[in-house]
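Me: I have a protein model open and would like to go through one part of it before looking at the whole. Could we begin with a helix and its buried side?

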Amino acid sequence: LLVVEVDSTRAQYWRQKGLTVADNPLAALEAPLVVLAVKPYVWPQVAATLKGRLADEQVVISIIAGQSTDSLQRALAHRQIARVMPNLPAQVGKGMSVWTGEELSLEDRAAVEKLLESVGRALYVNSDHLVEVATAISGSGPAYQYLFMEALIEAGVRLGLTWDEARSLTLYMCQGAVDLAIESGSPLSLLRQQVTTPGGTTAAALYALEEGGLRATLSRAAQACYQRSRELGADH
């Protein structure tokens, strides 16, 4: 693995991990797989350095937010592009990466899939549009989940739990609920009903959530995220 990193502090971090580090994007010209993991505002500079220099057999994997396959191809003058929307849980091998790469060969697709599956699960879709939709669901979704968990922890503290107690209850509850949904394969509505006794405590809580517009708010949040992804592409 070769890391191209212009920030000296980050470069030292990667060296301590035992990786070879360069400070010029041209170092990527020797790699069969080139992963573009830069912020959108840095991208034009990187693209200008690499444009027209990549060999036909090289595959570029981009996780740059808002950059469509077409815009990446034009910026690099290169056709072999895989556009990926990963997410933060990749840090612990539980990531969900949604990607597309219609012009890649089957062999190159397999190589990209293998790389993505090394940090979790990967889902191939056949259009850039669906990658942008995935940005609003699985890409940014962990942030929505963390906000939900923060709110529940705060509620627990207000009701008398210590912060550590409320955090432990919340995190393991969420983990258990997700594991059950995955392993059982049951509809989420059915699982919800299994927790909810008519006229009971959960029913009262769910009524408050519905009255507060939880579903509509989440829908608006996902729409706002999707729209911003489109805007980022237009900006660059």
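Reply: Certainly; please note that this is a predicted model. The buried residues of helix H6 are Gly 141, Pro 142, Met 149, Ile 153 and Gly 156.

Me: How are those buried residues of H6 placed when seen down its axis?

Reply: They fall within an arc of 105° around the axis of H6, so they line one face of the helix.

Me: And which residues are exposed on the other side of H6?

Reply: Leu 147 and Arg 158 are exposed there.

Me: What do the buried residues of H6 pack against?

Reply: Their partners are two helices, H5 (128-139) and H7 (163-184).

Me: How many residues does H6 have, and how far does it reach?

Reply: H6 covers residues 141-158, which is 18 residues. From the first C-alpha to the last it reaches 26 Å, close to the 26 Å expected at 1.5 Å a residue.

Me: Which residue follows H6 with a positive phi?

Reply: That is Gly 160, with a phi near 120°.

Me: Back to Gly 156. Why is it counted as buried?

Reply: Gly 156 has a relative accessible area of 9%, and buried means under 20%, so Gly 156 meets the cut-off.

Me: Which residues does Gly 156 touch, leaving aside those up to four places away in sequence?

Reply: Gly 156 touches Leu 161 and Ala 166.

Me: How far is Gly 156 from Leu 218?

Reply: The two are 62 residues apart in sequence. In space, Gly 156 and Leu 218 are 22 Å apart, C-alpha to C-alpha.

Me: Let us turn to the whole chain. What does its secondary structure come to?

Reply: The protein chain has ten helices and seven strands. Its C-alpha atoms fill a box of roughly 65 × 40 × 35 Å along the principal axes.

Me: What share of the residues is buried?

Reply: Of the chain's 236 residues, 31% count as buried. The protein chain exposes about 15,000 Å², and carbon and sulfur atoms supply 58% of that area.

Me: What about contacts between residues at least 6 apart in sequence: what percentage join residues at least 24 apart?

Reply: Of those contacts, 52% do.

Me: Last topic: how many positive and negative side chains are there?

Reply: There are 20 positive and 25 negative side chains in the protein chain. The centres of the two sets lie 2 Å apart.

Key. Residues are numbered from 1 along each chain as its sequence is written. This is a predicted model: local features need pLDDT of at least 70, side-chain atom pairs count only at pLDDT 80 or more; totals for chains, interfaces and linings use all residues. Side-chain values use heavy atoms; hydrogens and water are left out. Helices (H or I, at least four residues) and strands (E, at least two) are DSSP runs, numbered from the N terminus. The expected span of a helix is 1.5 Å times one less than its number of residues. Buried means under 20% relative accessible area, exposed over 50%, partly exposed in between (1.4 Å probe, protein chains only). The arc is that of the directions from the helix axis to the C-beta atoms. Contact means heavy atoms within 4.5 Å. Accessible areas come from the Shrake-Rupley method with a 1.4 Å probe; for residues, only the protein chains shown count as cover. Lys and Arg count as positive and Asp and Glu as negative; His and the chain ends are not counted. The place of a charge is taken as NZ of Lys, CZ of Arg, CG of Asp or CD of Glu.
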